[in-house]
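Let's take a look at how a protein and its ligand fit together. Have the sequence and the 3D view open as you read.

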Amino acid sequence: MADQRVLITGAAGVIGTLMRPRLRREGRILRLLDLRPLAPAEPGEPVEPRTGSVTDPAAMADACAGVDALIHLGGLSRENTWADTVEVNIHGTHTVLEAARAAGVPRVILASSNHSVGFRTIDEAGSPGLPADSSPRPDTYYGVSKAAIEALGSLYHSRFGMDVIAIRIGSCFETPHPLGPRGLITWLSPDDGARLFEACLSAPSPGYRLIWGVSKNTRGVFSLREAESLGYRSLDDAEKYAGELLGGNPMPETPTSNYVGGPFCTAPLGEPNPL
Ligand code: 15L
């Protein structure tokens, strides 16, 4: 059987770097695209490095040739100017989907974000958690761009029959620490991230899906049912870091702690920030 070829855009970014070793499989070639330099291939690592931008149709056409599935992580990962956000995230995702369609790539997995619904509240979550298809309530221009890419994915499924799964990713870092105690709610462990991407790659005929990308965190407020229906099983829980993150104190209450998007909800619109 021919090798499976999976293209990852934004492969040198935070999630791309965490996923690269974890998505390595016998019989799979990872084609890695980024503007930035990629770490060199390890001996025997089946990768095909490509340099290019997700906004460049020629680079995307080249990257999509012969690909069985595409994981689109490339783009701006936090707040930026409206112009840059539209260009890189919305126009970029359109360019990616268009290249995938033209090349006959049957399945695309899009990195959306919790910030497409950042103004939804933890209070409204209920059981089994905030539905994965809650309508958009973006908290930033960045969040608007993520809602737009979900819509683009839906369009490409409905018009062209492509399988498209948009993942509303929580906080995917090695540990939940980078954004403080909020990570106890939003963490997607890298190993769970890989389990989720594997489920998205292998689920038979998923059509268009919108799912949460989070671990089964004790303090989680997100429904995992939709991801589980694709075969995802989370094995991690941010709670093991609660002692370090809270030092025995309750979760701090801040003006934004009831919002899914946390501090993004008050960050100045259109200004790059370190969140
Ligand atoms: C995101 O969408 C960002 O890409 C990431 O840097 C984190 O800030 C994450 O959300 C989060 O909400 O923790």
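Which pocket does the ligand take up? The space it fills is the largest pocket. Keep in mind that you're looking at a predicted model.

So who's around the ligand? The residues surrounding the ligand are S77, S113, N114, H115, Y142, G170, S171, F173, L179, R182 and F264. Sort that shell by class and you get 4 nonpolar, 6 polar and 1 charged residues.

Some of these neighbours put a side-chain N or O atom at a short listed distance from an oxygen atom of the ligand. Here they are:

| Residue | Distance from a ligand oxygen atom to a side-chain N or O atom |
|---|---|
| N114 | 3.0 Å |
| Y142 | 2.6 Å |
| R182 | 2.9 Å |

How much of the ligand does the protein bury? On its own, the ligand exposes 320 Å², and the protein buries 90% of that.

Now for some ring pairs. The structure holds 6 aromatic pairs. One of them is made by F119 and Y259: their ring centres are 5.0 Å apart and the planes sit at 75°, so this pair counts as edge-to-face. Planes over 60 degrees apart get that label.

Where do these two rings come from in the chain? F119 is in the loop between β5 (107-113) and α4 (141-160), while Y259 belongs to the segment after α8 (242-246). The pair therefore ties together parts that are 140 residues apart in sequence.

Definitions and conventions:
Residues are numbered from 1 along each chain as its sequence is written. This is a predicted model: local features need pLDDT of at least 70, side-chain atom pairs count only at pLDDT 80 or more; totals for chains, interfaces and linings use all residues. Side-chain values use heavy atoms; hydrogens and water are left out. A residue is near a molecule or strand if one of its heavy atoms lies within 4 Å of it. A polar contact is a pair of N or O atoms within 3.5 Å; within protein, one must be able to donate a hydrogen and the other to accept it, and residues adjacent in sequence count only if both atoms are side-chain atoms. Accessible areas come from the Shrake-Rupley method with a 1.4 Å probe; for residues, only the protein chains shown count as cover. On a 1 Å grid over the protein atoms alone, a cavity is a set of points where a 1.4 Å probe fits but cannot get out, and a pocket is an open set with protein on both sides within 12 Å along at least five of seven lines; lining residues have an atom within 4 Å of a point. A molecule sits in a cavity or pocket if more than half of its atoms lie within 2 Å of its grid points. Ala, Val, Leu, Ile, Met, Phe, Trp, Tyr, Cys and Pro count as nonpolar, Asp, Glu, Lys and Arg as charged, and the others, Gly among them, as polar. Rings of Phe, Tyr and Trp (its six-membered ring) pair if their centres lie within 6.5 Å; planes under 30 degrees apart count as stacked, over 60 as edge-to-face and the rest as tilted. Helices (H or I, at least four residues) and strands (E, at least two) are DSSP runs, numbered from the N terminus.
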